[in-house]
Amino acid sequence: MKLGFSAADEAFRRECAEWLNGQMAGEFKDIKGITTLTEKAERRKEWEQQLAAHKWSCIGWPEQWGGRNATLAQQVIFAEEYARAGVPGRVNHIGVELAGPTLLTFGTEEQKKRFLPGIAAGQTIFCQGFSEPNAGSDLASVRTKARLEGGEWVVNGQKIWTSLAHISDWIFVVTRSEEGSKGPKGLTFLMMEIDQPGIEIRPIKQINGDAEFNETFFTDARCPADSLIGAIGDGWRVAMGLLAFERGVSTLGQQMGFRNELDEVIAAAKANGAAQDPLIRQRLAKAEIGLRLMRYGALRMLSATDHSKIDGAALTYKIQWASWRRSLGELAMDVLGQPGEVSEGADYEWSVLPNLFLYSRADTIYGGTNQIQRNLIAERGLGMPREPRGDI
Amino acid sequence: MEFVFTDEQVMIGETAKTFFAENATSERTRKAMAADGVDHDLWTSFCTELGLAGVGLPEAAGGAGLGMIEFAIVAEAAGAQVAALPLLGLATVGQALAAGGSDAQASAWLPRLISGEVVAAIAGSHNLQANGNMLTGTAHFVAHGAVAGLFLVASEAGAWLVDAGAAGLTVTPQTTMDQTRPYARLTLANVAGEPLADPVAAMAAARAGGWICVAAEALGGAQATLDRTVAYAKDRVQFGRAIGSFQAYKHRLADMMVDIEQARSAVYWAACAVDEGSDEAALALHAAKSFAADTYFRCAGDMIQLHGGIGFTWEHDAHLFFKRARAIQSMLGAGNWHREEVAKMILGEAA
């Protein structure tokens, strides 16, 4: 067990920092410090391509597919330096962190050749079509239908909460391909191009006034017969495999974003005197400790050699970070007081901390609510009996 | 960077776990609780047969080498059984001697501590008067003080070794809620102390050793409360169902696990940071002590609640965990104090 980085790793850190800081001071100065996922989307697509041009877009991937085969330590370092340099979040994180690894694990050689270069190059932006109006926590209840017709899949139905669909090129969709099937059986995982007459995207305005999420409607939408990942009817296994990648190295980049947010709260508390309040001090300390433990928990998870099984410890990660961030949002508002409830501009737009307060209410819902997480932890992590199911 | 146990560390953990599970039984612990709070036979075999008492102490002084990570692994296993052992004295006084004792002090005492011949205890005093090296004052809440042969008496002014048989020293055992680690009160009336060669280094090492020891014990204890409650939840049937099938019940188990996994990260981050001399060591120690102690207490309280009436009985072991957890929360700095130290660091107020 060791936490220190080697001299080679530290050299790699300098290389990352130098390049990222150079970009944020130069050509991409205009996107530095953006914290929402939607602002300046077009420039951020160009940033994806800039990352790719310098082989920084997917460093954990195999070299064959445009990655660097980076070690865990290198991926940790890149994630840390990326956030430290004030670089905004990746608009193609779903492509790089979810679609890519899913293709590498479940895709055919032909599919890898078709999709991976575009993702690596920052040309193909992906979004995720899982949830539906009646399949949220109960994801296996998806109803969006897919049928094979004349060498094509024809898809009808509706997805919801499709983050960044409005700026994406492709969507992967969990569909019900077997008529009359129920639950996790009879599902198929499809890759679909968004720019077609059968797909319509409508933004959903959220409680913070932003519209990162969308409704996605499929009306005789089409994709070629070989667009499925895995076999027909095997979509649940592929979807669950994909969700496991959410607990991967990307969590460390996410944490560095949290670091920036906590630093803002600390700075605000120092600036307005809230840092003198002993109760606020306790909560700041708890937030700091929670963030550090998130980091070391993730490193523990990622250092484990047996990645094939999601062990109990890894199951605790989602509820941990989501609850932590929601608490941070509440702490931020207690630190700011009433000034936190007033925006300087005429529009309903919020600076980092009030926006964190509002947005973080989604954290404990998307990707599996805290309540679903507790079921998963208790059932898979601790072997408790499964929830009784009603008729499906 | 590789935050995972080495094969050797895994082996130490398995050895320690097996040893404590087989030997630190409820029956033996309760016998110790009714007497002086130490299972002396267990301590002797831990020190001599198993040879784990020297973990984290230098080989030159008869220790086993290795570091605080390995020590934490052992303390975690001991904590899982609420073993009635004077491990904390070893962690504090042993580390102090190794880091701040003269060669003569280390070679005089460490081999005897490691062999189990002498039990050590740390005694902090707020009113100690030192006339040269003649000490007068009191020290409260000295863990396992009544069985100690050697005290490390510490105050703002310095740190001294005091032999339990020294003239002018009175040791008064106290009836203590946690009977597996009873306290004693020390009264010193012009007692001869032997100053440690480097009291600053000694006390820094004693604090780190003590915090890691109780945090690791807390981690082991918290995991044990969860494991035992999980077993009960599968076994106990009400309303025609295993009680673990009820969401109100299993969500509470899940919350325990979420906290325990964070406590595990905290303990091994702190131990690793100390071993590597990292800049983060101070923050990590405060985090580990406060977080692991609170986790343990919450889990032990949940264990009682989730067992229902049987969990409230003397016969059931839940109260052993509960009382140990409560004691760990208060000892060596309460949670709020540790968090205030963290607050000073992150607000840039640290001295």
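**Helix H4 of chain B and the residue after it**

Select B:Val82 in this predicted model. B:Val82 lies just after helix H4 of chain B and takes a positive phi of about 45 degrees. Next, extend the selection back to H4(B) itself, residues 68-80. Is this helix mostly covered or mostly open? H4(B) is mostly covered, with 13 of its 13 residues buried. The length of H4(B) can be checked in the viewer between its end C-alpha atoms, which are 18 Å apart. That agrees with expectation, because 13 residues at 1.5 Å a residue should span 18 Å.

**Helix H5 of chain B**

Move on to residues 87-100 of chain B, which form helix H5. From its first C-alpha to its last, H5(B) reaches 19 Å, close to the 20 Å expected for its 14 residues at 1.5 Å a residue. H5(B) is also mostly covered: 14 of its 14 residues are buried.

**A mixed sheet in chain B**

Now select strands E1, E4, E5 and E8 of chain B. In that order these 4 strands form an open sheet, and the pairing is mixed. Strand E1 (120-124) and strand E8 (194-195) stand at the edges of this chain B sheet; each has a single partner strand, so one side of each is left without a neighbour in the sheet. Focus on E5(B), residues 158-163, which pairs with E8(B) in the antiparallel sense over 2 bridges. Here B:Trp160 stands opposite B:Pro195 in E8(B).

With the sheet still shown, add helix H7 of chain B, residues 199-235. H7(B) lies across E1, E4, E5 and E8 of chain B, and runs at about 75 degrees to E5(B).

**An antiparallel sheet in chain B**

A further open sheet in chain B has 4 strands in the order E2-E3-E7-E6, with antiparallel pairing. Which strands are at its edges? They are strand E2 (129-131) and strand E6 (169-173) of chain B, each of which pairs on one side only. Ignoring direction, neighbouring strands of this sheet are turned by 15 degrees against each other on average.

Within this sheet, select strand E3 (residues 134-143) and strand E7 (residues 183-192) of chain B, which run antiparallel and are joined by 7 bridges. One bridge to show is that of B:Ala143, whose partner in E7(B) is B:Tyr183.

**Strand E3 of chain A and its neighbours**

Turn to chain A and select strand E3, residues 152-160, where confidence in that chain is highest, at a mean pLDDT of 98. In a regular strand the side chains alternate between the two faces of the sheet. Show the side chains of E3(A) to see such an alternation: A:Trp153, A:Val155, A:Gly157 and A:Lys159 point to one face and are buried. A:Glu152, A:Val154, A:Asn156, A:Gln158 and A:Ile160 point to the other face and are not buried.

E3(A) pairs with strand E2 (residues 145-149) of chain A in the antiparallel sense over 5 bridges. Among the bridge partners, A:Lys145 is matched with A:Asn156 in E3(A), and A:Arg147 with A:Val154. The hairpin of E2(A) and E3(A) has 2 residues between the strands, and in it A:Gly150 takes a positive phi near 55 degrees.

Next, select strand E7 of chain A, residues 213-224, which runs antiparallel to E3(A) and is joined to it by 8 bridges. A:Val155, one of the buried residues of E3(A), stands opposite A:Ala221 in E7(A).

**Where the chains meet**

Display both chains together. The contact takes 38 residues from chain A and 38 residues from chain B. On the side of chain A, helices H3 (72-84), H7 (250-272), H8 (278-303), H9, H10 (317-336) and H12 (370-381) each supply at least two residues. Select H8(A) to see the largest share of that side, 14 residues. What kinds of residue touch chain B from chain A? They divide into 21 nonpolar, 8 polar and 9 charged.

**Colouring by confidence**

Finally, colour the model by pLDDT. Chain A has a mean of 93, and 97% of its residues reach 70 or more. Confidence in chain A is lowest in helix H9 (residues 312-315), at a mean of 83. Chain B averages 96, and 100% of its residues score at least 70. The model as a whole scores ipTM 0.96 and pTM 0.94.

Conventions:
Residues numbered from 1 in each chain as written. Chains lettered and ligands numbered in written order. Predicted model: local features only at pLDDT ≥ 70, side-chain atom pairs only at ≥ 80, totals over all residues. pLDDT = per-residue confidence, 0-100. Expected span 1.5 Å × (residues − 1). Buried ≥ 20, exposed ≤ 12 C-beta atoms within 10 Å, placed from the backbone. Contact = placed C-beta atoms within 7 Å. Nonpolar A, V, L, I, M, F, W, Y, C, P; charged D, E, K, R; others polar. Pairing = 2+ DSSP bridges. Axes fitted to C-alpha atoms, helices over the stretch in contact; angles between N-to-C directions.
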